[in-house]
Amino acid sequence: MAVPWSGFPMAKLVELAKPLSSATYVRMETFLDKSIAPGQKQSWFPWPYVEGLTIAEATNELTFLATGAYGKPIAKQHGAPIRLAVPWKYGFKHIKSIVKVKFVEKQPLNTWQDQASNEYGFYANVNPTVDHPRWSQATERRIGEFLMRKTLMFNGYGDQVASLYSGMDLRKNY
């Protein structure tokens, strides 16, 4: 979905943190506080939520950390105080309420890979030619529109991000 987020480039955080050259991935973790988030009391979901990107994805000019939406500070339900936004990836990659960021050598196991690896890969790039096991991804409906439209590869950002995945078979659910 297209939301008017405000924030800052994730590349700035990476630059400030100065990760070791051996770090090739960024691992992010959401908050865990069952006293204020009752949904986290459910035993069937493994809190805290974990997500990851490659360093190249994290430092791409389109990747940013959202601190606001619709001209206001980001609301709790939208991921306050800070949320990831990666416009060419599926929404579940946009981890909310980030409280921990680590730079790691090995690809982190994210929550959806752990819970449903046959449905959700690490890279989770928008590819309309690869259906989800339970639904088609060839079309989408934008918020506020009634009619369906064709889903664009990488949500239309192919010119800016396709090079990040050169050599990968994008028909696979990585």
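**Exercise 1. Find the bridge partner of Ala69 in β5, then describe how β4 and β5 are connected.**

Step 1. In this predicted model, Ala69 has Lys72 of β5 as its bridge partner.

Step 2. Strand β5 covers residues 72-73 and is joined to β4 by two bridges, with the strands running antiparallel.

Step 3. The two strands make a hairpin, and two residues lie between them. Tyr70, in the turn, has a positive phi of about 55°.

**Exercise 2. State which residues stand opposite Ser6 and Leu65, and how the strands concerned pair with β4.**

Step 1. Begin with β1, residues 5-9, which runs antiparallel to β4, residues 64-69. Five bridges join this pair.

Step 2. Within that pairing, Gly68 in β4 is the residue opposite Ser6.

Step 3. Next take β6, residues 83-85. Its pairing with β4 is also antiparallel and uses three bridges.

Step 4. Leu65 has Leu84 in β6 as its bridge partner.

Step 5. Collecting the results, β4 pairs with β1, with β6 and with β5.

**Exercise 3. Examine the salt bridge between Glu57 and Lys89: what is the N to O distance, which parts does the pair tie together, and are the two residues buried or exposed?**

Step 1. The closest N and O atoms of Glu57 and Lys89 are 2.9 Å apart, and the cut-off for a salt bridge is 4 Å.

Step 2. Glu57 belongs to helix α2 (residues 55-58), while Lys89 sits in the loop between β6 and β7 (98-104), so the salt bridge ties together parts that are 32 residues apart in sequence.

Step 3. A residue is buried when its relative accessible area is under 20%. Glu57 has 1% and is buried; Lys89 has 3% and is likewise buried.

**Exercise 4. Give the N to O distance and the accessibility class for the pairs Arg142 with Glu140 and Glu145 with Arg149.**

Step 1. Arg142 and Glu140 form a salt bridge at 3.9 Å, N to O. This lies within the 4 Å limit.

Step 2. The relative accessible area is 39% for Arg142 and 22% for Glu140. Arg142 is therefore partly exposed, and so is Glu140.

Step 3. For Glu145 and Arg149, the closest N and O atoms are 3.0 Å apart.

Step 4. Glu145 is partly exposed at 33%, and Arg149 is partly exposed at 30%.

**Exercise 5. State how many salt bridges are counted, and which residues Arg27 is linked with in a network.**

Step 1. The count is seven salt bridges.

Step 2. Arg27 is linked with Glu29 and Lys100 in a network of salt bridges.

Key: Residues numbered from 1 in each chain as written. Predicted model: local features only at pLDDT ≥ 70, side-chain atom pairs only at ≥ 80, totals over all residues. Heavy atoms only, no water. Pairing = 2+ DSSP bridges. Helix = DSSP H or I, 4+ residues; strand = E, 2+ residues; numbered from the N terminus. Salt bridge = Lys/Arg side-chain N within 4 Å of Asp/Glu carboxyl O. Buried < 20%, exposed > 50% of the residue type's maximum accessible area, 1.4 Å probe, protein only.
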